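Biologist: I want to learn how to read a protein–DNA model from its atoms. Can we go through it feature by feature?

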Amino acid sequence: MPELPEVEVTRRRIAPFVVGRRIAKVRTTRKSYFFLTPPARLERELPGRTVVELERRGKYLLARLDDGRRLLLHLGMTGQLFVENASSVRLLSAATRASLTPEAQVSFVPDRHTHLRVEFDDGGPALFFRDVRKFGKVRLLGADGTDPRLEKLGVDALSATGDELWAAARKRKVAIKSLLLGQDVIAGIGNIYADEGLFLAGIRPRRAANKVSRSECQSLVDAVKRVLLRSIETGGSSISDYLQPDGSDGGYQDERRVYARTGEPCPKCGTKIRRIVIGARSTHFCPSCQR
DNA sequence: ATCTGTCCCTGGACGC
DNA sequence: TGCGTCCAGGGACAGA
C-alpha cells in the first residue's frame, strides 16, 4: 500500500514528467466516493492549466497549477499513478490477465478502475490514476483554499524528531503502533513501515504509547526514518498494487524484516514472526526481540 | 479529549 | 469448475 516512500517515489518520477506541461484534456469515470471534487468539474476546469510544481505532504500529493489552484491526490490503498507507456501485471486483474496472451498480459489498457486520465497539449504520453478500491482521493483546491485533511497532518515523517513523538506519546494510552499510524502526530507512516520501524527499534507494537521512553521514541523515529529512506532508495514496496510510475516494481518488499512474514524466522534471533491485530490492522513483530 | 468500532470498495483466497 | 463468504486496509466519522 502506498505510504510515504511510495508517494515520494511517485512524486520524484512524476514531477519531471508533468511539471511545465499544459493539460489538454481530462477524462474521468463517473461521480463517486473517490472524487471529492465532482469529476465533471475536473474535466471542465483542468484543461488549459499548466502544472508548475508537485509536492508531497505525508501521503498526499499536491500538484500546483499556474493559476494558483492545487490538485490534491491521495493514493489510498490501491491507488496507482503512472504514465501512459507503463506496463505491469499489477495493472491488470487476474481475470483480465487470464484472458490475454502472455505477451499482451503486461500492456495497460484503461479499464473501469482508471478514474483519471490527463492528456497534455504537447501530444506526449498521458498520466493515469487507477484505483481498484477507490480509497484514493482527488480534489481540486482553490488558490487560497486548503483541505481539513492537510490541516490535520502532523510533522512529515522524514523530518520528525524523537522529542516530537515523545511529546505526543507521553500523553496517550493507545498502542504505540496506533500512534504511528495516525497522521496527526507524524505524517506518512503506514502499516508496513510502522511494523518495520518498531522491529528495528525493538519495541512491541501493542505497548501503550505512554510507556515508551524518551530514548525509545528517539530510536523509533530514527528507525522509521532509516526504513523510509531505504525504501525510497529502492523504489518503494511493491507488495500488492503499488508500482513505480514507469510500471516497474519497487525493491523494498524484498528487504522488509517482519511485515507479512508471519511464521518466518526473525532475521535477528530466528524466533517465528507473529501476527496480531491492532486497531483492525495486521501487525507483525518478533515476540523475542520486541519488548 | 481520546479512544474504539464501523464504513467505504473490490479482487483474491479459500471452502464446499 | 463455480459459487458463496470472508478479508484487507487509509482515513473519516459516530458514538462511548
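**Contacts, pockets and sulfurs**

Modeller: Start with a contact: a polar side-chain atom of His74 lies 2.6 Å from a phosphate oxygen of DNA strand C. A polar contact is a pair of N or O atoms within 3.5 Å; within protein, one must be able to donate a hydrogen and the other to accept it, and residues adjacent in sequence count only if both atoms are side-chain atoms. This is a predicted model, where local features need pLDDT of at least 70, side-chain atom pairs count only at pLDDT 80 or more, and totals for chains, interfaces and linings use all residues. Residues are numbered from 1 along each chain as its sequence is written, chains are lettered from A and ligands numbered from 1 in the order in which they are written, and side-chain values use heavy atoms, with hydrogens and water left out.

Biologist: Which residues are the closest to DNA strand C?

Modeller: First, the cut-off: a residue is near a strand if one of its heavy atoms lies within 4 Å of it. For DNA strand C, 15 residues qualify, and the closest are His74, Arg133, Tyr259, Arg275 and Arg281. Sugar and phosphate make up 47% of the strand C atoms that come within 4 Å of the protein.

Biologist: What does the side chain of Arg133 contact on DNA strand C?

Modeller: A base nitrogen, which lies 2.8 Å from a polar side-chain atom of Arg133. The side chain of Ser282 has an N or O atom 2.8 Å from a phosphate oxygen of DNA strand C.

Biologist: How do the residues near DNA strand C divide by class?

Modeller: Ala, Val, Leu, Ile, Met, Phe, Trp, Tyr, Cys and Pro count as nonpolar, Asp, Glu, Lys and Arg as charged, and the others, Gly among them, as polar. The surface near DNA strand C has 6 nonpolar, 4 polar and 5 charged residues.

Biologist: Which residues are around DNA strand B?

Modeller: Among them are Tyr33, Ser93, Arg112, His113, Arg133 and Lys173. Sugar and phosphate account for 73% of the strand B atoms that come within 4 Å of the protein. By class, the surface near DNA strand B has 5 nonpolar, 2 polar and 5 charged residues.

Biologist: Which atoms of DNA strand B do the side chains reach?

Modeller: A phosphate oxygen lies 3.1 Å from a polar side-chain atom of Arg112. His113 has a side-chain N or O atom 3.0 Å from a phosphate oxygen. For Arg133, the partner on DNA strand B is a base oxygen, at 3.0 Å.

Biologist: Is Arg112 buried or exposed?

Modeller: Buried means under 20% relative accessible area, exposed over 50%, partly exposed in between (1.4 Å probe, protein chains only). Arg112 has 69% relative accessibility, so Arg112 counts as exposed. Its place is in the loop between α3 (94-98) and β6. Helices (H or I, at least four residues) and strands (E, at least two) are DSSP runs, numbered from the N terminus.

Biologist: And Arg130: buried or exposed?

Modeller: Buried, because its relative accessibility is 2%. Arg130 lies in strand β7 (residues 127-131). Its side chain reaches the backbone oxygen of Leu91 at 3.2 Å.

Biologist: What is the volume of the largest pocket?

Modeller: On a 1 Å grid over the protein atoms alone, a cavity is a set of points where a 1.4 Å probe fits but cannot get out, and a pocket is an open set with protein on both sides within 12 Å along at least five of seven lines; lining residues have an atom within 4 Å of a point. Grid points are joined across faces, edges and corners, and a volume is the space filled by probe spheres set on the points. The largest pocket has about 800 Å³. It is lined by 28 residues, and the closest to its centre are Lys59, His74, Gly76, Met77 and Arg281. By class, the lining has 10 nonpolar, 9 polar and 9 charged residues.

Biologist: How many cavities of 30 Å³ or more are there?

Modeller: The search finds 1. Its space is about 160 Å³. The lining divides into 15 nonpolar, no polar and no charged residues. β6 gives the most, with 3 residues.

Biologist: How many disulfides are found?

Modeller: A disulfide is a pair of cysteine sulfur atoms within 2.5 Å. The whole structure has 0. The sulfur of Cys266 is 3.7 Å from the closest cysteine sulfur, in Cys286, too far for a bond.
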